[in-house]
Amino acid sequence: MGTQLRFMPEQASTIAADVDHLLYFFLAVSIFFTLLIFGAIFYFAIRYRRRSPNELPAAEHTGLALEIVWSVIPFGLTMIMFGWGASIFFKESRPPDNAMQIYVVGKQWMWKLQHMEGQREINELHIPINRPVRLTMTSEDVIHSFFVPDFRTKQDVVPGRYTTTWFEATKPGKYHLFCAEYCGTKHSGMIGWVYAMEPQDYAEWLAGGPTGSMADAGARLFDDLACGNCHKTDTNGRCPNLVGVFGSTVRLAGGGTVRADEAYIRESILDPDAKVVEGYQPLMPTFQGQITEEGVVQLIEYIKSLSPKPGTLIQQNGPLVPSSEPAAAGASPGQLPSGNQ
Ligand code: CUA
């Protein structure tokens, strides 16, 4: 980061520097034109003041050159603002492929976070610096908003869907986490801290957590809910085989296709009849009310772990075994199974 031009002490995240530089540009343009306009007002007020009670102003004609100049310059400036702002917006809305994944569930009135390695936190988030972190977020009740001012990161967290954001912390420290959407009585108490740590400190912190990845937790849930009774890998003809599903394109009964992403899997668990896979009957019961949003994302991670990384062969006839080898993919964040971005 050292060679980068900075107007301020080192920022807490990579996006923070981008956002601030854009903001300084807005500020500089605003100050310049404020001074120019007010200066002109005072100058003209004095220069063209009425000098006698019955003085009549001379007729003036529009200067075409002047009109063009003061149209083209603001147009150019606003286009710079638009292009610059849009490029930051696009950067902020596209997590890098190597980002580590963290799941966030907001509820009245707390933040619940899960790491791929199995660590779970409430109102605290530990992350390593110099590594992009992607958040996949949903809410159990109403709209919340995940806001870390030092990272210049704010993203709505909406019930019934997954929203994502990402950031890359650049400086170790403790940063405020807020809920930035009024969500009821204790909205103001829905706060916490993000701890950005040196990579080795983060590794130590992770090692102090529970054993068993998030995909393992999902595998246990898969067992507890007896999903495996029907979703077997040896095709029994009643339920789709889940191996390799994540990230693939699924053909639906009645025509059409859908990409098997997080939202599709969540919908298939909570509202199985919404999209029925081609060649299958709508037999699956809903799990609405039997599983929390945290459980749903664990199941998603388990199902992701059944999709091999590109280039790996799929064992079509093997048993659907929880954890062990495929889940190891979930244990190394940054190597998420492909196709989920
Ligand atoms: Cu959650 Cu405000």
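Which residues of H4 are buried? Let us start with that helix and then walk through the rest of this predicted model.

## A covered helix

Helix H4 spans residues 214-224 and is mostly covered, with eight of its 11 residues buried. The buried residues of H4 are Met 214, Ala 215, Asp 216, Ala 217, Gly 218, Ala 219, Leu 221 and Phe 222. As background, an α-helix has 3.6 residues a turn, so residues three or four places apart point the same way.

Take a look at both ends of this helix too. At the N-terminal end, Ser 213 acts as a cap for H4: one of its side-chain oxygens lies 3.3 Å from the backbone nitrogen of Ala 215. Just after H4 comes Ala 226, with a positive phi of about 60°.

## The largest pocket

The largest pocket has a volume of about 710 Å³. A lining of 33 residues surrounds this space, and those nearest its centre are His 231, Pro 240, Leu 242, Ser 268 and Met 284. Three elements give two or more residues to the lining of the largest pocket: strand E11 (249-251), helix H5 (262-270) and helix H6 (293-305). Of these, H5 gives the most, with four residues. Sorted by class, the lining of the largest pocket has 24 nonpolar, six polar and three charged residues. How is empty space like this found? Rolling a probe the size of a water molecule over the atoms shows where empty space is left.

His 231 deserves a second look. This residue is found in the loop between H4 and E11. Is His 231 buried or exposed? His 231 counts as buried, because its relative accessibility is 12% and the cut-off for buried is under 20%. A polar atom of the His 231 side chain lies 2.8 Å from the backbone oxygen of Pro 240. His 231 and Leu 242 are 11 residues apart along the chain, and their C-alpha atoms are separated by 6.7 Å.

## A buried lysine

Now find Lys 304, which has its place in helix H6. With a relative accessibility of 0%, Lys 304 counts as buried. What does its side chain contact? The side chains of Lys 304 and Tyr 103 are joined by a polar contact of 3.1 Å. Another partner to look for is Val 245: the C-alpha atoms of Lys 304 and Val 245 are separated by 7.9 Å, with their positions 59 residues apart along the chain.

## Rings and charges

Aromatic rings are a good thing to look for next. A pair of aromatic rings is described by the distance of the centres and the angle of the planes. The count for this model comes to 11 aromatic pairs. In one of them, the rings of Phe 147 and Phe 178 have centres 6.3 Å apart and planes at 40°, so the pair is tilted. This pair links distant parts of the chain, with Phe 147 in strand E6 (residues 144-148) and Phe 178 in strand E9 (residues 173-179), 31 residues apart. Phe 147 counts as partly exposed at 22% relative accessibility, and Phe 178 is partly exposed with a relative accessible area of 29%. Elsewhere, ring pairs link Tyr 43, Phe 44 and Tyr 48 into a cluster.

Some rings also have a charge over them. The charged end of Lys 154 sits over the ring of Phe 147, 4.7 Å from the ring centre. The charged end of Lys 174 sits over the ring of Trp 193, at 4.3 Å from its centre.

## Backbone details in the loops

Finally, follow the backbone through a few loops. Where is Trp 109 found? Trp 109 is in the loop between strand E1 (100-107) and strand E2 (110-115). The peptide bond from Gln 108 to Trp 109 is cis, with omega near -5°.

Asn 130 is not a glycine, yet has a positive phi of about 60°. Its place is in the loop between strand E4 (124-128) and strand E5 (132-139), and at 48% relative accessibility Asn 130 counts as partly exposed. Arg 152 is not a glycine either, and has a positive phi of about 55°. Arg 152 is found in the loop between E6 and strand E7 (153-157) and counts as partly exposed, at 29% relative accessibility.

Technical notes: Residues numbered from 1 in each chain as written. Predicted model: local features only at pLDDT ≥ 70, side-chain atom pairs only at ≥ 80, totals over all residues. Heavy atoms only, no water. 1 Å grid on protein atoms, 1.4 Å probe; cavity = no way out; pocket = protein on both sides within 12 Å on 5 of 7 lines; lining within 4 Å. Points joined across faces, edges and corners; volume = space filled by probe spheres on them. Nonpolar A, V, L, I, M, F, W, Y, C, P; charged D, E, K, R; others polar. Buried < 20%, exposed > 50% of the residue type's maximum accessible area, 1.4 Å probe, protein only. Polar contact = N/O pair within 3.5 Å; in protein donor to acceptor, adjacent residues only side chain to side chain. Phe/Tyr/Trp six-rings, centres within 6.5 Å; stacked < 30°, edge-to-face > 60°. Lys NZ or Arg CZ within 6 Å of the ring centre and 35° of its normal.
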